[in-house]
Amino acid sequence: MNEAAINIHEDSVRFTDVVSAVGGVDVSYCYQCGKCATGCPVAHEMDLVPTQLMHAIQLGLTDVVYKSKTMWLCASCLTCTTRCPQEIDIAETMNTIKIMMLRNGEKPQIPDVLKSNECFVQNLNWFGRLYELGMVGMLKLRTGKFTEDMAMGIKMLKKDKFHLIPGFEGARAVHKILKRVKKQEKS
């Protein structure tokens, strides 16, 4: 085996091992059957379909994986995971890659998705449940896209899909859970 092939193999083992250690998912079992990609409802928007992302992880192509939009577009619907004949939790692998990227200081390819996730968690922390109007307001402030989707927002208000006043049931319990998660993340 030539030296270049050995280096590629060593890199792929390290990256797959790191992904496995962080997320608990061993992607080395993926043999690129494509069932995950054919069932994915957002694959048409992805630059790498889930099969290709798994293959890039196996090959140790960290830069290709980190520059991909795939994990940021993933809806976490678990269709890929349920279709996988090897029982690989592909959705969890997508989350793992996002976590690894953020820990390594990498920038997401679609920053608004990260901002949306942060607004969602902050919203849960404050209200104990999703307060849609508050979350939309926070997201608009963070992204600076104040008028985007305004027509849809008005329709939702007219149909009473947004509650003007938030509920606070369970807020303390959710706040405690999020506090424990943050503590665990630091350890």
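This is a short walk through the predicted model of one protein chain.

Hi everyone, and thanks for coming. Two housekeeping points before the tour. What we have is a predicted model, in which local features need pLDDT of at least 70 and side-chain atom pairs count only at pLDDT 80 or more, while totals for chains, interfaces and linings use all residues. Residues are numbered from 1 along each chain as its sequence is written, and side-chain values use heavy atoms, with hydrogens and water left out.

Let's start with confidence. pLDDT is the predictor's confidence in each residue, from 0 to 100. For the protein chain the mean pLDDT is 87, and 93% of the residues reach 70 or more. Among the elements, helix α6 (residues 79-83) has the highest mean, 96, and helix α1 (residues 3-23) the lowest, 66. Please look at the start of the chain with care: over residues 1-10 pLDDT stays under 50, and the model has 2 contacts there beyond four places in sequence. By contact I mean heavy atoms within 4.5 Å.

Now the overall picture. How many helices and strands does the protein chain have? There are 11 helices and 0 strands. Both are DSSP runs numbered from the N terminus, with helices being H or I of at least four residues and strands E of at least two. The C-alpha trace spans about 65 × 40 × 30 Å along its principal axes. Taking contacts with a separation of 6 or more, 65% are between residues 24 or more positions apart. Of the 187 residues, 32% count as buried. Buried means under 20% relative accessible area, exposed means over 50%, and partly exposed is in between, using a 1.4 Å probe and protein chains only.

Next, a helix pair. Helix α8 (residues 111-127) packs with helix α11 (residues 171-186) at an angle of about 130°, and their axes are 6 Å apart. The axes are lines fitted to C-alpha atoms, for helices over the stretch in contact, and angles run from 0 to 180 degrees between N-to-C directions. The two helices are therefore oblique to each other; under 35 degrees would be roughly parallel, over 145 roughly antiparallel, 65 to 115 roughly perpendicular, and the rest is oblique. On the α8 side, the residues that meet α11 include Val 121, Leu 124 and Trp 126, and their partners include Ala 171, Val 174 and Leu 178.

Let me finish with three residues, going from the inside outwards. Is Met 54 buried or exposed? Met 54, in helix α3 (residues 50-58), is buried, with a relative accessible area of 0%. Beyond four places in sequence, Met 54 touches Val 27, Cys 30, Gln 32, Ile 90 and Thr 93.

Then comes Arg 83, in helix α6, which is partly exposed at 38% relative accessible area. Not counting neighbours within four places, Arg 83 is in contact with Lys 35, Thr 38 and Gly 39. Arg 83 and Lys 35 are 48 residues apart along the chain, yet their C-alpha atoms are separated by 6.1 Å.

Last is Glu 169, in the loop between α10 (150-158) and α11. Glu 169 counts as exposed, at 61% relative accessibility. Setting aside residues up to four places away, Glu 169 touches Phe 127, Gly 128 and Arg 129. Phe 127 also belongs to the α8 residues that meet α11, which brings us back to our helix pair.

Thanks, and I'm happy to take questions!
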